[in-house]
Amino acid sequence: MIELTIVIPARNVASTLEEQLDALLPQRWDGTWEVLVVDNGSTDSTPQILAEYCRRYPHLRTVRADDGRGVNFARNRGIELAEGDHVAICDGDDVVGPTWVAAMGDALRVHEVVTGPIDVRRLNPEWLVRTRGEFPSDAPRSYYGIFPLAAGGNLGIRRSTWDATGRFRNDIVGAVDDIEFCLRLWQRGVAIGFAPDAVISYRYRAEPTALWRHGRFYGKGKPLIAKTLHDQHLPTPSRLAGWKSWVTLVRWLPRLRTLEGRAAWCWVAGNRIGQLEGCWHYRTFWL
């Protein structure tokens with residue numbers, strides 16, 4: 001019987017998938033575990049890579065999920081098809097640390113939900129790290145100090161908790177799906193455990209245009225979270241919590257002459273513009 005299923009949602013990740021699988025599949029743990037890659041309609045060589053790895057690793061299996069689109073559609077499908085009662089989720093463009101499987105497996109024996117550190121130095125140049133900053137290494141992040149967060153790409157959860165909390169939403173405009181899921185966990189009183197050895201190396205986008213798109217996508221969903229808290233009479237961030245970012249964009253204009261400056265400016269600007277778009281979409285106001 002399988003205790004832990006590791007779910008990887010994947011779409012067109014041929015350029016990074018092998019590095020992730022090479023880091024993940026040889027790991028050891030005292031429990032029984034499998035890896036399930038949900039191929040969400042890849043058109044590159046992702047299916048061929050998966051076929052080759054399946055021949056080499058019997059605890060790896062893959063499934064095509066072409067009847068819907070989006071990372072949350074693939075996550076939900078993977079959890080549905082998981083043989084384990086415990087599920088850990090990572091992404092095909094990141095890289096797990098050498099003790100990730102054991103750390104997640106052990107932690108889920110104790111906690112309903114668990115996350116671990118996000119490392120940004122292994123896969124990114126130093127100048128890019130400076131544009132985005134680093135994540136806490138000793139505790140989960142939080143949403144403005146209101147409720148704890150677990151990144152969707154470094155998340156462990158018991159199947160029963162996922163069933164009780166509800167599926168990851170695939171209808172959210174903007175990349176706050178994991179924040180919205182953590183909000184529901186918090187509302188149910190589910191604590192998020194932290195496994196220090198469950199490290200994921202996260203890959204930033206480096207090109208200014210990609211940073212702009214990514215930042216805009218993240219920004220679009222932020223008003224939904226604030227509006228949900230407000231509508232349910234829960235603690236909320238200030239409606240003007242982001243005003244300093246607008247000032248920063250003006251102060252940083254001279255930095256556009258450098259690659260690092262352009263990257264930082266495009267990320268913040270995309271995020272701010274996306275948040276305004278999200279305010280219009282969700283009919284609310286959060287600067």
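Strand β2 (residues 33-39) runs parallel to β3, and five bridges join the two. This is a predicted model. Along this pairing, Asp-39 stands opposite Arg-64 in β3. Helix α2 (residues 46-56) packs on the sheet here and touches both β2 and β3. The direction of α2 makes about 150° with that of β3.

Now step back to the whole sheet. β2 and β3 belong to an open sheet of seven strands. Reading across, the order is β3-β2-β1-β4-β10-β6-β11, and the pairing is mixed. Strands of a sheet pair through backbone hydrogen bonds, in either the parallel or the antiparallel sense. Which strands stand at the edges? They are β3 (60-64) and β11 (192-194). Each has a single partner strand, so one side of each is left without a neighbour in the sheet. From one strand to the next, the twist averages 25°.

There is also an open sheet of three strands. Its order is β5-β12-β7, again with mixed pairing. The edge strands are β5 (95-96) and β7 (118-119), and each pairs on one side only. β7 pairs with β12 (residues 200-201) in the parallel sense, over two bridges. In that pairing, Asp-119 stands opposite Ser-201 in β12.

Next, the helices. Is helix α7 (residues 177-187) enclosed or open? Nine of its 11 residues are buried, so α7 is largely enclosed by the rest of the structure. The buried residues include the hydrophobic side chains Ile-179, Phe-181, Leu-183 and Leu-185. Charged residues are buried too, among them Asp-177, Asp-178, Glu-180 and Arg-184. Cys-182 completes the list. After α7 comes Gly-189, whose phi is positive, near 80°.

Helix α10 (residues 259-282) holds Gln-275. Is Gln-275 buried or exposed? Its relative accessibility is 7%, so Gln-275 counts as buried, the cut-off being under 20%. What does Gln-275 touch, leaving out residues up to four places away in sequence? The contacts are Gly-219, Lys-220, Lys-222, Pro-223, Trp-286 and Leu-287.

Turn to the aromatic rings. The model has seven aromatic pairs. One of them is Tyr-143 with Tyr-144, an edge-to-face pair. Their centres are 4.9 Å apart, with 85° between the planes. Tyr-143 is buried, with a relative accessible area of 7%. Why does the pair of Tyr-202 and Tyr-204 count as edge-to-face? The planes of these two rings stand at 85°, and edge-to-face means over 60, so the pair qualifies. The ring centres of Tyr-202 and Tyr-204 lie 5.5 Å apart. Both residues are buried: Tyr-202 has a relative accessible area of 16%, and Tyr-204 has 7%.

Ring pairs also build a cluster. Its members are Tyr-143, Tyr-144, Phe-147 and Trp-186. Trp-186 falls within the span of α7, residues 177-187, and so ties that helix to the cluster.

Two arginines sit over tryptophan rings. Arg-255 lies over the face of Trp-252, at 4.4 Å from the ring centre. The charged end of Arg-283 sits over the ring of Trp-280, 4.7 Å from its centre. Trp-280 falls within the span of α10, residues 259-282, the helix that also holds the buried Gln-275.

How values were computed
Residues are numbered from 1 along each chain as its sequence is written. This is a predicted model: local features need pLDDT of at least 70, side-chain atom pairs count only at pLDDT 80 or more; totals for chains, interfaces and linings use all residues. Side-chain values use heavy atoms; hydrogens and water are left out. Rings of Phe, Tyr and Trp (its six-membered ring) pair if their centres lie within 6.5 Å; planes under 30 degrees apart count as stacked, over 60 as edge-to-face and the rest as tilted. Buried means under 20% relative accessible area, exposed over 50%, partly exposed in between (1.4 Å probe, protein chains only). A charge sits over a ring if NZ of Lys or CZ of Arg is within 6 Å of the ring centre and within 35 degrees of the ring normal. Two strands pair if DSSP finds at least two bridges between them. Helices (H or I, at least four residues) and strands (E, at least two) are DSSP runs, numbered from the N terminus. Contact means heavy atoms within 4.5 Å. Axes are lines fitted to C-alpha atoms, for helices over the stretch in contact, and angles run from 0 to 180 degrees between N-to-C directions.
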